[in-house]
Amino acid sequence: MTFLAIDIGNTRLKWAMYDAPRPGAALLAHGAEFLEHIERLAEGPWSKLPAPTHMLGCVVAGETARRRVHDQMELMLGWNFEPQWVVPSVHEAGVSNGYEHPLRLGADRWVAMIGARHHILQRGNERPLIVVMVGTAVTVDALDAQGNFLGGLILPGHGIMLRALESGTAGLHVPTGSVTPFPKNTSDALTSGGTYAIAGAVERMYQHLYLHCSMEPACVMAGGAGWKMVPSMTRPFELVDNLIFEGLLVMAQQRWGQDRVPQGVVGVR
Ligand SMILES: Nc1ncnc2c1ncn2[C@@H]1O[C@H](COP(=O)(O)OP(=O)(O)O)[C@@H](O)[C@H]1O
Ligand SMILES: CC(C)(COP(=O)(O)O)[C@@H](O)C(=O)NCCC(=O)O
Ligand SMILES: [K+]
């Protein structure tokens with residue numbers, strides 16, 4: 001059994017191939033393509049893969065992007081699985097969706113929260129949890145210790161913040177700068193402003209959640225630009241690069257975990 005996991009964000013498609021559809025499976029291959037290069041997948045990185053038997057993905061980049069990926073899969077000889085895409089629900093894998101309209105939550109946020117909760121539970125006690133994803137947009141989602149998703153923030157990512165300032169002003173066209181506490185040039189002022197805007201939003205959510213749960217939250221961060229945030233965070237954060245894939249593996253196991261030991265056999269010697 002081989003499992004293909006796909007995450008289509010607004011900037012890049014990330015994919016990973018595992019030897020089984022369950023957490024802990026061995027990673028066989030992985031890659032990322034900017035959305036404008038989706039058409040390279042079949043002839044390029046996917047051409048060397050064994051045929052997946054199962055596939056699960058999440059997409060927030062729209063129907064056209066998903067269709068372009070389906071077209072690539074159809075070009076692959078021997079790929080016969082039915083593509084499945086995550087639809088956020090009211091409850092899955094120990095996480096309850098507190099969104100007013102659960103279906104309107106970004107599928108990537110839902111998968112990341114399920115991955116993060118699984119990740120944290122594996123490492124110890126139930127704790128409140130902050131899940132930060134730094135991609136095209138930034139999302140900051142809060143879960144209580146019981147796995148209830150309480151709500152989350154959406155803010156612009158680094159690129160969108162810079163482009164918005166560039167296009168809305170006459171004098172802000174400068175190269176990328178450094179993050180510093182007291183920026184003394186325009187480049188550093190813009191780069192630091194964006195980074196601390198994200199760090200500040202996360203800190204605020206941390207305080208909200210701490211107050212709500214009376215218990216220190218654990219913090220998990222992911223996304224293509226997550227590494228940029230690490231030095232500027234005000235709380236200890238764990239960077240989990242494959243957070244979405246961990247979530248997809250947890251969900252895949254619920255769908256196809258037929259390798260489970262049959263009931264009644266456990267413990268029999
Ligand atoms: N070559 C690159 N590799 C990784 N991250 C990049 C690269 N170029 C830009 N980035 C940063 O990562 C962000 C995209 O991260 P990603 O997680 O792929 O976003 P999304 O999930 O929204 O597609 C960009 O907005 C940018 O800040
Ligand atoms: C917030 C997002 C744009 C993040 O997208 P990304 O940065 O991962 O490309 C995406 O999760 C989305 O479109 N969400 C739907 C709206 C919502 O979650 O409320
Ligand atoms: K994403």
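## Two domains, a shared ligand shell and a buried helix

The protein divides into domain 1 (3–85) and domain 2 (91–251); these bounds come from an automatic or database domain assignment. This is a predicted model, in which local features need pLDDT of at least 70, side-chain atom pairs count only at pLDDT 80 or more, and totals for chains, interfaces and linings use all residues. Residues are numbered from 1 along each chain as its sequence is written, while chains are lettered from A and ligands numbered from 1 in the order in which they are written.

**Domain contact.** The C-alpha centres of the two domains lie 25 Å apart. Across the boundary, 16 residues of domain 1 are in contact with 16 residues of domain 2. Contact means C-beta atoms, placed from the backbone, within 7 Å. On the domain 1 side, strands S1 (3–8), S2 (12–18) and S4 (54–59) each supply at least two of the touching residues. Strands (E, at least two residues) and helices (H or I, at least four) are DSSP runs, numbered from the N terminus.

**Ligand 2.** Around ligand 2 stand 13 residues, and Gly 9, Asn 10, Gly 106, Gly 135 and Ala 137 come nearest. Near means a C-beta atom, placed from the backbone, within 6 Å. Helix H2 (107–122) and strand S9 (137–143) each give two or more residues to this shell. Both domains take part: each supplies at least three residues.

The table sets out the residue classes of the two sites.

| Site | Nonpolar | Polar | Charged |
|---|---|---|---|
| Side of domain 1 that touches domain 2 | ten residues | three residues | three residues |
| Shell around ligand 2 | four residues | six residues | three residues |

Ala, Val, Leu, Ile, Met, Phe, Trp, Tyr, Cys and Pro count as nonpolar, Asp, Glu, Lys and Arg as charged, and the others, Gly among them, as polar.

**Helix H6.** Eleven of the 14 residues of H6 are buried, so the helix is largely enclosed by the rest of the structure. Buried means 20 or more other C-beta atoms, placed from the backbone, within 10 Å of the residue's own. The buried residues include Leu 243, Phe 245, Glu 246 and Gln 253. Their cover includes S1, S2, S4, H2, strand S6 (91–92) and strand S11 (218–222).

**The sheet.** Seven strands form an open sheet with mixed pairing, in the order S6-S7-S10-S9-S8-S11-S12. Strands pair if DSSP finds at least two bridges between them. S6 and S12 (238–239) are the edge strands, each pairing on one side only. Strand S8 (residues 129–134) runs parallel to S11, joined by five bridges. Met 133 stands opposite Ala 222 in S11.

Definitions and conventions
Two residues are in contact if their C-beta atoms, placed from the backbone, lie within 7 Å. A residue is buried if 20 or more other C-beta atoms lie within 10 Å of its own, exposed if 12 or fewer, and partly exposed in between; C-beta atoms are placed from the backbone.
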